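Me: Hi! Could you walk me through this structure before I get back to the bench?

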Amino acid sequence: IGAALILFVALFVRGQELDSGIMSPDDGWFLRSARSDQLTTGVDPLRWIRQDKEWLGILAEDFGRAEAPKTFQHSYLHQLAIRYSVRAGWILGFGQITALRLDQAVFGALTALLVFLWLRRMAPEEPLIALSGGALMALQVGHVAVSRSGWGQAACTFFLIWMIMIAWKMHTTAGERDTKKLLRGAGGIAATSVVAYGFHEMATVYTLVLAVIVLLQFSSAPNGTSRWPWLSRRVLFGLLGCVPVGVLTLTLLFFSEYAQNTWFSSPYANQFSWLEIRTLSAKFLWKNELFAQIGWPVMVLAPIGLVGAFTRSMRWLIWLVLWAVLPTLLLFLKFENPSLTRIYLPVFVILVVLAAEGLGVLWALGRHRAARAVADAVAIGAIGWCAVSTYATFTAGPDHPLFVRGVHGDIPEGVHPRDPFTPIAIALSALQPTEAVAVDFAYGPAFRVLDMS
């Protein structure tokens, strides 16, 4: 019942009026790259397959093109999901903008369920830890925002967290001679990381972090025996699981001029020094209310959760700390634009896991009825804060004290984020122009108008 309730709430807050809210420039590009406006209406699976084959040909022809590219050269699984969501929209009655965001909303909601299941396995003695972790994940403002966007990071994060769970199971249950377990672990890591990469290329960074953690941790087996990393079969199989994404990354590095110009070089290097980029990014993250996006209750409870993780096992504590720290450092210190809040989304999830462990510490200390009541009140207050903040940010609007402006980008002061483009779209639809009435650098507004036609 608890798992079902968490999933329902997570789906509701991510899926309610999914076509509302500001579109980023990338949203329109995803729809354009997926050629969603060129799909032929009607339920005909054979025709769908023929259209998809033609579209795949366009992607292959455009791969690596740096000058005037015709497609978005990443997140191909996200684009494929968009095409089938558009087709589902013909049957269920929703438009292009909802189709753009549907897979992200679904996988974003499933991430809350994944956190619940992970914590249920890790803390079977206290079911409330799993329930509170799932609830905090379902209502986390920053995660909800990305799940309601057209970017691919929400689905990518779901599969990355699944990858981390598989790697953890491999780390804690597979011995040096457990070939079947090691093969299953390596296969699971490879599958989840490749699918994550298909939704967004940030999976490359997290797969690299996993490879580093494998080198640091997997040489120590569950029975306490240790080997040099280069002599450990556990390390070997762990690294093998990371190879497919590594190969895909090297393919981009050596064969894609687009990737070389976009991801493997910084457009800001000629304008700012390394330190200036980091300083400006830190200011930008603060301006966009990073900690409010993570959730202030999560930020308070996560350090307490370190104690809970330690009492469970030193291995678990180290695992969570490494996953909270290493991706953050790598992205902030090395990534060409570390000010993008959404690239840290898997770290948001790890912090929620730590926050749930923090609540577990409070419940463990509550041996008497009064102390237990205090722990319950803290949990209810933390979840309630996140719920109200999510309501304020996506429904109530900027006048609410818990409204988090940073998730809406450069929205003007006092403007409600739900859908500022609607009046323009209504006016254009009524006008029925036969010639250009405006010029925009993004495709998003055109798809807004298509939805209203």
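**Backbone, bridges and surface**

Reply: Happy to! At 43% relative accessibility, Glu17 counts as partly exposed. Keep in mind that this is a predicted model.

Me: Where does Glu17 sit?

Reply: Glu17 belongs to the loop between helix 1 (2-15) and helix 2 (25-33). Its phi is near 45°, a positive value in a residue other than glycine.

Me: Why bring up the sign of phi?

Reply: Because most residues other than glycine have a negative phi. Ser75 also has a positive phi, near 55°.

Me: And is Ser75 buried or exposed?

Reply: Ser75 counts as buried, because its relative accessibility is 2% and the cut-off for buried is under 20%. Ser75 is in the loop between helix 3 (45-62) and helix 4 (76-92).

Me: Switching to charges: how many salt bridges are there?

Reply: A search of the whole structure turns up 7 salt bridges. One of them pairs the side chains of Asp52 and Arg83, at 2.8 Å from N to O. Asp52 lies in helix 3 and Arg83 in helix 4, so this pair ties together parts that are 31 residues apart in sequence.

Me: Are those two buried or exposed?

Reply: Asp52 and Arg83 are both buried. They also belong to a network of salt bridges, in which Asp52, Arg83 and Arg87 are linked.

Me: What does Asp62 pair with?

Reply: Asp62 makes a salt bridge with Arg65, at 2.4 Å from N to O. Asp62 is buried, with a relative accessible area of 1%, while Arg65 counts as partly exposed at 28% relative accessibility.

Me: OK, and which residue does Arg312 bridge to?

Reply: Arg312 forms a salt bridge with Glu357, and their closest N and O atoms are 2.9 Å apart. Arg312 is in helix 15 (residues 296-312) and Glu357 in helix 17 (residues 345-365), so the pair ties together parts that are 45 residues apart in sequence.

Me: How accessible are Arg312 and Glu357?

Reply: Arg312 is partly exposed, at 26% relative accessibility. Glu357 is buried, at 1%.

Me: New topic: which residues form the nonpolar patch on the surface?

Reply: The patch is formed by Trp274, Leu275, Leu306, Val321, Val325, Leu329 and Leu333, with about 590 Å² of accessible area together. Helix 13 (274-287) and helix 16 (314-334) are the elements that give two or more residues to the patch.

Me: Which helix gives the largest share?

Reply: That would be helix 16, with 4 residues. As for Trp274, you'll find that residue in helix 13, and it counts as partly exposed at 47% relative accessibility.

Me: Last one: how many cavities of 30 Å³ or more are there?

Reply: The count comes to 1 cavity of 30 Å³ or more. About 30 Å³ of space lies in the largest cavity.

Me: What lines the largest cavity?

Reply: Its lining includes Leu139, Gln140, Val141, Trp296, Trp385 and Ser389. The elements that give two or more residues to this lining are helix 14 (290-294) and helix 18 (369-396).

Me: And how do the lining residues divide by type?

Reply: The lining of the largest cavity has 7 nonpolar residues, 4 polar and no charged.

Key
Residues are numbered from 1 along each chain as its sequence is written. This is a predicted model: local features need pLDDT of at least 70, side-chain atom pairs count only at pLDDT 80 or more; totals for chains, interfaces and linings use all residues. Side-chain values use heavy atoms; hydrogens and water are left out. On a 1 Å grid over the protein atoms alone, a cavity is a set of points where a 1.4 Å probe fits but cannot get out, and a pocket is an open set with protein on both sides within 12 Å along at least five of seven lines; lining residues have an atom within 4 Å of a point. Grid points are joined across faces, edges and corners, and a volume is the space filled by probe spheres set on the points. Ala, Val, Leu, Ile, Met, Phe, Trp, Tyr, Cys and Pro count as nonpolar, Asp, Glu, Lys and Arg as charged, and the others, Gly among them, as polar. Patches are made of residues with over 30% relative accessible area and no salt bridge: like charges are joined within 9 Å, nonpolar side chains (Val, Leu, Ile, Met, Phe, Trp, Tyr) within 5 Å. Accessible areas come from the Shrake-Rupley method with a 1.4 Å probe; for residues, only the protein chains shown count as cover. A salt bridge is a side-chain nitrogen of Lys or Arg within 4 Å of a carboxyl oxygen of Asp or Glu. Buried means under 20% relative accessible area, exposed over 50%, partly exposed in between (1.4 Å probe, protein chains only).
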